[in-house]
Amino acid sequence: MTNINQVKIMPLLALRGLVVFPGMLLHFDVGRKKSIEALNHAMAADQTIFLSSQKDMRVDDPTPDELYDMGCIAHIRQVLKLPGDNIRVLVEGLTRAKKQTVISAEPFYTVEITECNEKKIKEGTVLESALIRNAREAFEEYSEVSARLSPDVVMSVYAMNNAGKLADYITSNIILQAEDKQTILNELNPFKRIEKLIVFLKRESDILSLNKEIHEKVSAQIEQNQREYYLREQIKAINSELSDGDNPAEESEDYRYRIYSLHLEKETEEKLVSEADKLGKMPFGSHESSVIRNYLDTCLALPWNKFTKDKIDLEKARKILDRDHYGLHKVKDRVIELLAVPTLAPKINNQIVGLVGPPGVGKTSVARSIAKCMGRKYVRVSLGGVRDEADIRGHRKTYIGAMCGRIINAIKQSGVSNPLILLDEIDKLSSDFRGDPSSALLEALDGEQNFAFRDHYLEIPYNLSQVLFLTTANTVETIPAPLLDRMEVISLTSYTREEKYHIAKNHLLQKQLKKHGLTAKQLKIADSAVYDLIDCYTREAGVRNLERSIAALCRKTAKKVVIDPTVAVKISDKNIEEYLGVRKYKPETISKADEIAVVNGLAWTQVGGELMQIEAAALDGTGKIVLTGSLGDVMKESAQTAVSFIRSRARELCIDTEFYKNKDVHIHATESAIPKDGPSAGITMALAVISALTGIPIRRDIAMTGEITLRGRVLPIGGLKEKSMAAYKAGVKTVLIPMDNAPDVTEIDETVKNSLQFVPVVHMDEVLKLALVDKPCPKPSINVGAVMQSDVTVDGQIIPQ
């Protein structure tokens with residue numbers, strides 16, 4: 001049981017971070033107003049005061065609830081006034097006491113306390129001896145790792161034989177948390193008190209031992225660094241004397257500073273630092289030092305952790321694309337989609353986009369516009385004719401003249417780690433005994449791997465995941481399949497006649513006038529002259545030759561302006577030959593009258609669509625089929641299919657069923673010098689042969705395209721946009737197309753769509769009905785209704801069936 005003495009009333013002084021024990025001498029500074037008032041009142045009375053510790057040291061003016069109930073009654077031994085309003089006081093702890101109630105709070109806390117006596121125990125027992133011995137051993141272990149104990153304290157510990165007083169004495173002389181000291185003060189049972197002290201001593205010994213080990217390691221590291229610094233300074237001084245100012249050690253230190261300031265990945269930083277250290281140990285004039293120096297300069301010149309912030313505004317991007325490019329609506333829509341994704345998901349890996357199309361259709365300029373829309377740096381890397389893997393991945397730095405590859409060099413050239421890199425002419429890569437550059441590109445263009453792209457020269461990973469790669473190609477046929485698989489292909493088709501006209505009027509003419517120093521008043525080109533440039537002086541998919549022709553007109557005008565500054569040149573289709581000579585190409589036109597076995601076919605070429613007339617002749621012979629006009633294998637097979645279809649329907653078409661025995665069929669495609677291939681001339685050749693065998697003329701104002709099968713079905717084809725433009729230019733009125741191509745009519749230019757009638761057909765019988773002037777038989781037995789559809793309409797002018 002705890003013995004409780006009489007109740008006392010005395011002033012309270014709150015301690016911050018301190019705990020006073022009975023028999024303990026302690027001096028501390030007093031600065032708070034309430035504490036000074038309490039101290040003055042105690043000095044005026046019996047010089048005793050109740051000391052209680054705060055629960056939270058951060059509180060400046062604690063309330064009674066923020067003080068521990070258990071404290072210590074102390075006798076004030078000495079009071080000294082310090083500069084400022086502070087007071088230094090020396091107190092001696094007398095006995096434990098417990099706060100009961102607060103009598104008053106102003107001008108200081110006056111509290112009612114009761115003295116607390118220790119629990120009575122039997123002294124000299126084995127348990128007490130064991131506890132005291134354990135406490136001394138724990139204290140001895142603590143004193144070995146703590147350097148703050150005086151010998152007097154150690155002697156006093158060994159001199160004491162009372163468990164309670166020993167616990168109080170040790171606690172008051174060691175460094176413990178205030179909460180732990182309060183725990184000891186709260187315990188009135190001497191045995192339990194010393195047990196708790198032993199636990200605290202062992203814990204503090206472990207902490208101090210670990211702290212000592214850490215301190216020794218840090219000290220050893222500091223000593224090693226100081227030793228290295230001292231030696232390095234000596235080496236600097238020696239090198240300075242030997243090398244006439246060139247100091248490899250100083251240069252190495254400068255490289256080290258630059259490397260650490262970049263905050264690189266651990267692997268990269270260690271590699272570069274090791275190279276810098278190697279440079280510092282090189283003798284003056286060493287050949288290898290120049291190799292290391294070039295390597296470090298190249299690595300440090302790269303834009304590590306430097307990025308431009310994407311500034312994506314879809315409306316502004318659309319305006320830029322419309323301003324820089326006419327037409328290309330599908331391409332523009334795809335570019336806007338490409339820009340929209342980073343807006344919602346900025347951390348997504350960039351896609352690899354491949355722009356595929358014939359020369360001069362604006363692939364490179366589209367890439368520049370994308371960079372402009374995103375606010376990114378633009379770098380172009382030409383891959384045409386590259387045949388060495390080292391051009392992509394770089395050379396090993398052990399070789400003389402080694403350098404990094406084109407990818408890393410483009411990053412270095414841009415100055416940021418997230419540029420837009422255009423890999424131009426990727427379809428023209430070559431390979432030889434030195435390696436395959438297309439295989440080297442696989443890692444760079446793979447969004448799952450290029451976050452750690454390793455150039456042979458750098459030998460350290462570089463993150464390419466933030467780079468937007470665009471590639472250009474004229475065809476996908478020559479791009480290796482694994483490389484093509486990593487790209488999302490956007491096709492740029494050849495420009496139509498109307499698109500070329502608008503590009504010339506709105507872009508090329510202004511560009512060339514500015515380039516040649518001319519004004520719009522000095523040179524005017526009529527619309528008819530622009531169409532003549534397109535039709536009679538150029539034949540291409542893009543507009544490069546068209547721009548050259550306009551440039552030629554500007555040069556000739558500039559010559560006249562220099563001679564006579566007042567001259568104003570007006571060019572039309574009447575006088576264009578005076579400036580550019582005779583027309584190189586004649587416009588494609590249809591025949592002036594309906595003819596037998598002459599059909600207007602439509603073909604797609606790299607330079608756009610063309611009207612291709614197919615002619616046929618049925619001659620007496622032995623059943624041979626002659627094909628001329630530089631036809632490819634697919635086109636020859638289409639001719640064979642057409643003839644087989646005619647044989648299967650000969651009786652219904654009123655054709656001699658033995659014609660394949662006694663007639664030679666000759667099929668010819670005009671412009672024999674130009675190779676031709678593809679299945680889309682199937683119905684054209686079939687119609688020409690039927691006309692030749694029946695003697696029925698074919699309508700001159702109709703053109704057609706479609707693949708034929710042995711049963712006469714008409715299958716879909718490609719390039720309808722270009723083919724319809726060719727029909728429009730030639731003066732065709734009606735175009736027969738496969739039914740499956742009917743939705744493609746919506747993509748055709750409005751001018752063309754409004755000038756042509758598009759008739760979707762399902763079977764060859766429909767073609768015969770629409771294209772032949774007369775029916776093959778007066779009373780045809782063909783059940784056309786079984787295979788024909790009626791009243792078919794699509795966008796554009798389509799006549800009913």
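The exercises below walk through a predicted model of one protein chain, each with a worked solution.

**Exercise 1. Overall form**

Determine whether the protein chain is spread out or compact by the globule rule, and describe its make-up.

Solution.
Step 1. Start with the secondary structure: the protein chain has 26 helices and 26 strands.
Step 2. Compare the radius of gyration with the rule. The chain has a radius of gyration of 49 Å, whereas the globule rule gives 28 Å for 801 residues. The value is well over the rule, so the chain is more spread out than a compact globule.
Step 3. Look at the extent of the C-alpha trace, which spans about 145 × 80 × 60 Å along its principal axes.
Step 4. Add the burial: 47% of the 801 residues count as buried.

**Exercise 2. A sheet of five strands**

Work out the strand order of the open sheet that contains strand 7, and find which strands lie at its edges.

Solution.
Step 1. The sheet is made of five strands in the order 8-9-12-7-13, with parallel pairing.
Step 2. Strand 8 (378-382) and strand 13 (488-491) each pair on one side only, and these are the edge strands.
Step 3. From one strand to the next, the twist averages 25 degrees.
Step 4. Take one pair in detail. Strand 7 (residues 353-356) runs parallel to strand 13 and is joined to it by four bridges. Within this pair, Val356 is opposite Ser491 of strand 13.

**Exercise 3. A hairpin**

How are strand 5 and strand 6 connected and paired?

Solution.
Step 1. The connection is a hairpin, in which five residues lead from strand 5 to strand 6.
Step 2. The pairing of strand 5 (residues 87-104) with strand 6 is antiparallel and has six bridges.
Step 3. One bridge can be located by residue: Lys98 has Thr114, in strand 6, as its partner.
Step 4. Check the cover of strand 6 (residues 110-116). Six of its seven residues are buried, which makes this strand mostly covered.

**Exercise 4. An enclosed space**

Describe the second largest cavity by its volume and its lining.

Solution.
Step 1. Count the cavities: there are two of 30 Å³ or more.
Step 2. The second largest cavity holds about 60 Å³ of space.
Step 3. Residues lining the second largest cavity include Ser591, Asp594, Val598, Gln613, Arg699 and Ile702.
Step 4. Sort the lining by class: five residues are nonpolar, three are polar and four are charged.
Step 5. Ask which element contributes the largest share. Strand 17 (residues 598-605) does, with three residues of the lining.

**Exercise 5. Two loop residues**

Place Ser430 and Asp656 in the chain, classify their exposure, and relate each to a residue elsewhere in the sequence.

Solution.
Step 1. Ser430 sits in the loop between strand 9 (420-424) and helix 15 (437-444).
Step 2. Its relative accessible area is 23%. Since buried means under 20% and exposed means over 50%, Ser430 is partly exposed.
Step 3. Ser430 and Gly385 are 45 residues apart in sequence, and their C-alpha atoms are 6.0 Å apart in space.
Step 4. Asp656 belongs to the loop between helix 21 (633-648) and helix 22 (659-662).
Step 5. With a relative accessible area of 41%, Asp656 is partly exposed.
Step 6. Asp656 and Asp774 are 118 residues apart along the chain, and 18 Å separates their C-alpha atoms.

Methods: Residues numbered from 1 in each chain as written. Predicted model: local features only at pLDDT ≥ 70, side-chain atom pairs only at ≥ 80, totals over all residues. Heavy atoms only, no water. 1 Å grid on protein atoms, 1.4 Å probe; cavity = no way out; pocket = protein on both sides within 12 Å on 5 of 7 lines; lining within 4 Å. Points joined across faces, edges and corners; volume = space filled by probe spheres on them. Nonpolar A, V, L, I, M, F, W, Y, C, P; charged D, E, K, R; others polar. Pairing = 2+ DSSP bridges. Axes fitted to C-alpha atoms, helices over the stretch in contact; angles between N-to-C directions. Rg over C-alpha atoms; globule rule 2.2 N^0.38 Å. Buried < 20%, exposed > 50% of the residue type's maximum accessible area, 1.4 Å probe, protein only.
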